[in-house]
Structures are given as C-alpha cells and as structure tokens.
Amino acid sequence: MTNHINSLIRTVFAASMILLFSAGAGAQNKIAITAHRGFWKCEAAGNSENSIASLREAQNAGLWGSEFDAHLTADNKILINHDNTRGGKEIEQTKLRYFKSVQACRLKNGEWPSTLNQYLKQGKANDKTVLVFELKPEKYRSEDLLISKSVRSLKRHGLFDPSKVIFISFSKHMCDVIAQKYPEFTNQYLNGDISPKDLKKDGINGLDYHFNVLKNHPEWVAEAHALGMSVNCWTVNKEEDIKAMIDLGVDCITTNEPLLVRKLLGDRELTL
Ligand code: MG
C-alpha cells in the first residue's frame, strides 16, 4: 500500500486518529513525539522521570506528548511512579502517606512523587501537550477502580477529553474496559503480543509496541492503519532505531531522547 493511500485511510477513519494525529498528520505524513516518563533528556538539568518539573519542560518544549505512570496505593490513592516500588515498598501494598513522608521516596530533583491530582494540575496548566496516561497493571488492587478514579480525576481537571489524553496499558483488561466505556479515546495496548486485527476485534483502537516488536512485525503498521488504528512505539533512543521507526511510518515515537527525535524528524514532527 502506498504512503498516500495509507495517509488517506488514516485521515478518513477512526475518530481518535482524526483528533490526535489529525488530517494534517495523515496528509503530511507527520510523526508525533512523546517523552517517555516525562522529559528524560532533562535529567542532567535536575529534572526527574515522572516529575512535575519534567512534565513542565516537555510542555515548554512544545512536545506533542508526555507519558507518565499511574498506580493505586494500598489506600486507593493514585501515585505517579514508573516502578511498582518506591522507597523500598510495593506501591499497591503501602499507604500514600509513606511516599509523601519518607525521604528515600523523593525523586532525584527533590520533588516528592506526585498524586494524580497534583500531576494533572500541571497537565492542565499547558494542555497543548497530550498526556499519555499509562494505567499500570494491578496485582493487589482493582484495575476497574484505577480506571474509575483516573476518569474522575481527569474530569475534575477538565482533561477528560480525547484531544488532551490518550490511554496506554500493558493490561489487556484495562484496554478492554476503556474500549467498552470510552471508545472515543485513543487506547493503545503495550504488550506487543496481539496483532492489530485481534485488538480491533475487542474495540481497542491503537497499539504502542516496543520498537523491536515492530521490527519483527513491520506488516502490523500498515495493518493497523488500514483498520484506522494509531501506532506508537516505545522506547526508541538510538539514532538507527529512530530512523527505522520513521521509515516504518509509525504515528508516534516514545523516547528518552525527544530532542534527538525532533532533530531527525525536522518538519515531519507533529505538534498540536
Ligand atoms: Mg510508562
């Protein structure tokens, strides 16, 4: 399938594609950049992954998207953190106050890890950067509760809007729930083990797979686009891998090196 026909299909089908990757994205073959866990590149400047300062930097840099990770604590609050543990404790089995009072829990830049509400305050402050909201799989808490609390918090901040937020998850169950309840949102599955055709059967309208998965299944990009699905890839940091993903025609690249991706994309970078 030619790029032109691909672009046309991507422009015409699927509300989420139209909203997020927009007519401009399809017609001009543009690619969005998402900062993995915030704006990793700024670590040297004292910012940290999943920190409010990093989100602010990504927003100030005019990046299309900034990704972050949401977990439920033992008292069912939502904590923003990449790993399942912080300060030596399992997040799902520990109450929020531990993460807000024990020094070992602080981020590298001195911030305390934020709650979802604190994080979304910054998200709202400059909503030209899409929040790429990772719903972390839950072992001890309810995944349905993580979704309902997340939706409530997004609504409270005026961010429950498919042009401002997309959902990603390794949990097939959470992707299925989002597909059933909120089909208007871009909803990307992360695990890399299901073909676009089979995701689409369950109403899931996007995928965000490791770049090596897409290298092994290059046909999945065109297959997803033909089904009106969006294609993101994580976490692409080396020049040769970034170029390979650009050549494959993904819609979005999630990276620790947003400035390098920006340089390689030039005027093909999609911004809102
Ligand atoms: Mg993540």
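## Exercises on a predicted model

The side chains of D198 and K201 form a salt bridge, with N and O 2.7 Å apart. The model is a predicted one.

**Exercise 1. Place the D198–K201 salt bridge in the fold, and say how exposed each partner is.**

Step 1. Find the element. D198 and K201 both belong to helix α9 (residues 196-201).

Step 2. Count along the helix. The two are three residues apart, about one helical turn.

Step 3. Check exposure. D198 has 31% relative accessibility and is partly exposed. K201, at 64%, is exposed. The cut-off for exposed is over 50%.

**Exercise 2. Work through the salt bridge between D176 and K172 in the same way.**

Step 1. Take the distance. The closest N and O atoms of D176 and K172 are 2.9 Å apart. The limit for a salt bridge is 4 Å, so the pair qualifies.

Step 2. Find the element. Both residues lie in helix α8 (residues 172-181). They are four residues apart, about one turn of the helix.

Step 3. Classify each residue. D176 has a relative accessible area of 18%. Buried means under 20%, so D176 is buried. K172 has 22% and is partly exposed.

**Exercise 3. Which parts of the chain does the salt bridge between E49 and R37 tie together?**

Step 1. Confirm the contact. The side chains of E49 and R37 meet with N to O at 3.2 Å.

Step 2. Locate both ends. E49 and R37 each lie in the loop between β1 (31-35) and α4 (52-60), so the bridge ties together parts that are 12 residues apart in sequence.

Step 3. Add exposure. E49 is partly exposed, at 22% relative accessibility. R37 is buried, at 16%.

Step 4. Set the pair in context. The count for the model comes to 12 salt bridges.

**Exercise 4. Describe the magnesium site, from its donors to their place in the fold.**

Step 1. List the donors. E67 (OE), D69 (OD) and E134 (OE) coordinate the magnesium ion at 1.9 to 2.0 Å.

Step 2. Read the spacing. In sequence the donor residues run E-x1-D-x64-E.

Step 3. Map two donors onto strands. D69 is in strand β2 (residues 65-72) and E134 in strand β6 (residues 130-135), so this pair ties together parts 65 residues apart in sequence.

Step 4. Check burial. D69 is buried, with a relative accessible area of 0%. E134 is buried too, at 4%.

Step 5. Look for charge partners. D69 and E134 are linked with K136 in a network of salt bridges.

**Exercise 5. How many disulfides does the structure hold, and where is the nearest cysteine sulfur to that of C252?**

Step 1. Search the whole structure. The result is zero disulfides.

Step 2. Test C252. The nearest cysteine sulfur belongs to C233, 7.4 Å away. The cut-off is 2.5 Å, so C252 is in no disulfide.

Step 3. Check burial. C252 is buried, at 1% relative accessibility. C105 is buried as well, at 0%.

**Exercise 6. Where does pLDDT fall below 50?**

Step 1. Start with the overall values. The mean pLDDT of the protein is 90, and 88% of its residues reach 70 or more.

Step 2. Take residues 1-20. Their pLDDT is below 50, and the stretch has 44 contacts in the model beyond near neighbours in sequence.

Step 3. Take residues 22-27. Here too pLDDT stays under 50. The model has 13 contacts for this stretch beyond four places in sequence.

Conventions
Residues are numbered from 1 along each chain as its sequence is written. This is a predicted model: local features need pLDDT of at least 70, side-chain atom pairs count only at pLDDT 80 or more; totals for chains, interfaces and linings use all residues. Side-chain values use heavy atoms; hydrogens and water are left out. Buried means under 20% relative accessible area, exposed over 50%, partly exposed in between (1.4 Å probe, protein chains only). Donors are N, O and S atoms within 2.8 Å of the metal (3.2 Å for Na, K and Ca); water is not among the atoms, so sites may look incomplete. pLDDT is the predictor's confidence in each residue, from 0 to 100. Contact means heavy atoms within 4.5 Å.
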